[in-house]
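Trainee: I would like to go through this model with you, beginning with its surface and then turning to its interior. Could we take a look?

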Amino acid sequence: MKQNIFSKIISIDTLLSLVFGGAVFVFFGFYYSFHLNYQEQYQLFLFTPQYLLDFIKHPGGASDYLGNFFTQFFFYSKIGALTLAAMLVILQRIILATTLKLGVSQHWMPLTLIPSILYWSLLCDENYMLGGLVAMILLALFCLLYLQIKRGTAQRIVGVILLLTLYWAAGGVFIFFTLFMLFSKFAGKSKIGKNDLSFAIILMLITPTLPYLAKLIVLQYPMQKFWIGVNYFRFPVSIPTAITTVAFLIPAIPFFLFFISKMINVKKAGLVLVTLSILISAVTFGFIRNSADFSKEEVMAYDFHIRMRRWDRAIALADEKAPTSPLSVTCLNLALAETGQLGEKMFEYYQNGISGLLPDFTRDFTIPIITGEVYYHLGLINTAQRFAFEAMEALPDYQKSVRSVKRLAETNIINGDYEVAKKYLHLLQKTLYYKNWATRSLEIIKNEKQVEQHIEWGWLRSARIQEDFLFSEQEKLNMIGLLFMNNRQNKIAFEYLAAATLLEKDLQQFIRYFPLSSSLNYKVIPKHFQEALLYIWEVTNDDPTKEISYPINNAIRARLNDYKKQYGSTRDAKIMEKGFGDTYWYYLHFRN
């Protein structure tokens, strides 16, 4: 009978772990997937001995190395979500095994989920790195390994060896392993033996000394690096408090449950298990709901689709929910331009002025990489190259960005700087997901004709400005104008030029630039350009017998008449938006 009950508890215990892992997978795989894609692009994991050596030569480097290894799989969000789910479940199962080793009943099992839940919530912040989770797993694993050794001299010797190993592999969390060993020596004992007391003194002497000894071996790192070790956070200023909390809970929870189980005699184990499971589920939901930032997820979704040239998917996102952030609008406008819909549909979505076309340069690692996409597809190759380099150099954790390296390879190929391009391509050949692309690119650049015929590189080479000029944030329109005049088949450049004047509400410049579109041979002038042309004609033409020289759709003429009537009777923006929110006229009069 007892055996049957025990089997049921085991099955429920496994089921709870699987449900937890499934929840993590669903969250990151379907609701928060673009955060994983975002993480992947800001590292360059290389399968080389030197790359490994650069990590393991300092404390905590092994955790960072393994963290980067697993992060590269985030390129495919479902694989990334599965990886995270597995790692968080592994952390929980190790803590559970440690708890059981202390003789605690399994019906307290839900409480062993707490560190994994907390780290799940931390990973909702895109600046928490996966190396930190690896360090937590190693800490939990070493605690369990220590308990596997029979008490006595052997356990004390192995404990010191494990402490030294954990310090070099996982950095500062070794302090909490020391606490665990001290707990294990004194927990539940009324009398402390001499050997245990001597061992405790040795641990308390070794623990604060280790970072200083490591500093003597590896001189080039600051002292803080030897105490913290792992890059838990992208901005390596200090260790976040939340990380310290999780690290403390890993050794503390098994002993906390050990004491609780001694104090509380639970008769209805099943009821306790169900109650704790419900409580933990509610806490998890609250933590994740409070930690997740879906406004950033939106921007990351647009950016990933643009990065992968999935123009239709970016537009579909806007059709489902109108973009509200400036960077989302930037990505949407590029997708519209690439699909020939910028002049046709841009005012059907929220627009935030010219910065929605070309955001101003900011010295960080996010905005330049998105803005660089726009300049690249426009044909301003040198500007795109500079932005990619600036974004990579601005990374606060001093890593290299695989996305930037790939872009630098592309810009140098387009510019004909093949020797420079080869340096980047050879780096990418040492990666997992970019190896084949780099190898194909190296083959292409052996033949100049293949580069010229390449569907993207060949076109951008013909569109780029080959003469040197000084980039200026204040002269964006002039630069796009020069770009278009360099190749008057560059439809995207012209539509960006025209769209910029409309967004700036500079109708004089628009009517001045629009005749340049004759080289594009529009079969039908895009809708919003027609709206602007007709509006300008209406407000500037004094002769009612004259007809506008551009072909304007009759439906647009009728709609402008309706707009004028309603605008004459009300200036209420909300009322006007219902009937005309998708027109340039509404943007002209009601958008700041």
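Trainee: Which residues make the nonpolar surface patch?
Mentor: Please keep in mind that this is a predicted model. The patch is made by Val26, Phe30, Tyr31 and Phe294, and covers about 440 Å².

Trainee: Which helix gives the most to that patch?
Mentor: Helix H1, residues 2-31, gives the most, with three residues.

Trainee: And where is tyrosine 31, and is that residue buried or exposed?
Mentor: Tyrosine 31 lies in helix H1. Tyrosine 31 counts as exposed because its relative accessibility is 55%, and the cut-off for exposed is over 50%.

Trainee: Turning to the interior, how many cavities of 30 Å³ or more are there?
Mentor: The count comes to four. The largest cavity holds about 90 Å³ of space, and the second largest holds about 80 Å³.

Trainee: What lines the largest one?
Mentor: Its lining includes Phe28, His35, Leu36, Gln39, Phe74, Glu126 and Met129. Helix H2, residues 33-41, gives the most to this lining, with three residues.

Trainee: How do the residues of that lining divide by character?
Mentor: The lining of the largest cavity has eight nonpolar residues, three polar and one charged.

Trainee: What about the second largest cavity: which residues line it, and how do they divide?
Mentor: Among them are Glu40, Gln43, Leu44 and Phe45, together with Val402, Thr431, Leu432, Tyr433 and Tyr434. The lining of the second largest cavity divides into six nonpolar, three polar and one charged.

Technical notes
Residues numbered from 1 in each chain as written. Predicted model: local features only at pLDDT ≥ 70, side-chain atom pairs only at ≥ 80, totals over all residues. Heavy atoms only, no water. Patch = residues over 30% accessible without salt bridge, like charges linked within 9 Å, V, L, I, M, F, W, Y side chains within 5 Å. Areas by Shrake-Rupley, 256 points an atom, 1.4 Å probe, with all protein chains shown as cover. Salt bridge = Lys/Arg side-chain N within 4 Å of Asp/Glu carboxyl O. Helix = DSSP H or I, 4+ residues; strand = E, 2+ residues; numbered from the N terminus. Buried < 20%, exposed > 50% of the residue type's maximum accessible area, 1.4 Å probe, protein only. 1 Å grid on protein atoms, 1.4 Å probe; cavity = no way out; pocket = protein on both sides within 12 Å on 5 of 7 lines; lining within 4 Å. Points joined across faces, edges and corners; volume = space filled by probe spheres on them. Nonpolar A, V, L, I, M, F, W, Y, C, P; charged D, E, K, R; others polar.
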